[in-house]
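Trainee: I'm new to this one. Could you take me through a single part of it up close, the metal sites, and tell me how they are put together?

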Amino acid sequence: MGTKGRSIIGMNVDDLVEMLNKAFADEWLAYYQYWMGAKLAKGPMREAVAAELLQHATEELGHAEMLALRIIQLGGTPPLSPKDWYEMTNCGYEPPEDPYTEVLLDQNIRGEQCAIEVYQKLAEATKDTDPITYNMVVQILADEVEHEEDLQALVEDIGLMKSRGA
Ligand code: FE
Ligand code: FE
Ligand code: MG
């Protein structure tokens, strides 16, 4: 990136790139977990769950795109091989081995809760040091908060459906 653009960053750029690379690995793993879950989902509200999971997959890929652009702009290199995702991830990967909708939703809720923590920490780290990254991170954080809410609303609907015998 340009020398002036780099000079305005008030934190160690290598540390920032490392945090962004770890978040990037999380996003690809989240993308795949959602994408696969959308294909496999079975059980209560299968179609609504599959549609939401697929939408979230697309949005996680969008986050990976935003992160990659910023990492490169900062002079970093995103992980070049998928095997690096497992080594770098904050939030891990839960294979959708059980395709039952409620199980998939719980797995993905855990992932979103981890993502919220990751972006909250990135927001704290960049708040007073890097307005460009901060702005991006806050946009992603808002999406992750929405994702958690969407999934918890589906769990709630399934619970209501069951309790009312609908
Ligand atoms: Fe994301
Ligand atoms: Fe998400
Ligand atoms: Mg959604």
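Mentor: Sure, and one cut-off helps before we start: a residue is called buried when its relative accessible area is under 20%. Keep in mind that this is a predicted model.

Let's begin with the iron ion (ligand 2). Its donors are Glu60 (OE), Glu112 (OE), Glu112 (OE), Glu144 (OE) and His147 (ND1), at 2.0 to 2.4 Å. Along the chain, those donor residues follow the spacing E-x51-E-x31-E-x2-H. Glutamate 112 sits in helix α5 (residues 101-126) and glutamate 144 in helix α6 (residues 131-163), so this pair ties together parts that are 32 residues apart in sequence. Now use that cut-off: glutamate 112 has 2% relative accessibility, so it counts as buried. Glutamate 144, at 1%, counts as buried too.

Glutamate 60 has another job to show you: it bridges the iron ion (ligand 2) and the iron ion (ligand 1), and the two ions lie 3.8 Å apart.

Next, have a look at the magnesium ion (ligand 3). Here the coordinating residues are Glu52 (OE), Gln55 (OE1), His56 (NE2) and Asp150 (OD), at 2.0 to 2.8 Å. In sequence they are spaced E-x2-Q-H-x93-D. Glutamate 52 belongs to helix α3 (residues 46-73) and aspartate 150 to helix α6, so that pair links parts that are 98 residues apart in sequence. At 18% relative accessibility, glutamate 52 counts as buried.

So when you turn the model around, follow helix α6: it holds glutamate 144, a donor to the iron ion (ligand 2), and also aspartate 150, a donor to the magnesium ion (ligand 3).

Key: Residues are numbered from 1 along each chain as its sequence is written. Chains are lettered from A and ligands numbered from 1 in the order in which they are written. This is a predicted model: local features need pLDDT of at least 70, side-chain atom pairs count only at pLDDT 80 or more; totals for chains, interfaces and linings use all residues. Side-chain values use heavy atoms; hydrogens and water are left out. Donors are N, O and S atoms within 2.8 Å of the metal (3.2 Å for Na, K and Ca); water is not among the atoms, so sites may look incomplete. Helices (H or I, at least four residues) and strands (E, at least two) are DSSP runs, numbered from the N terminus. Buried means under 20% relative accessible area, exposed over 50%, partly exposed in between (1.4 Å probe, protein chains only).
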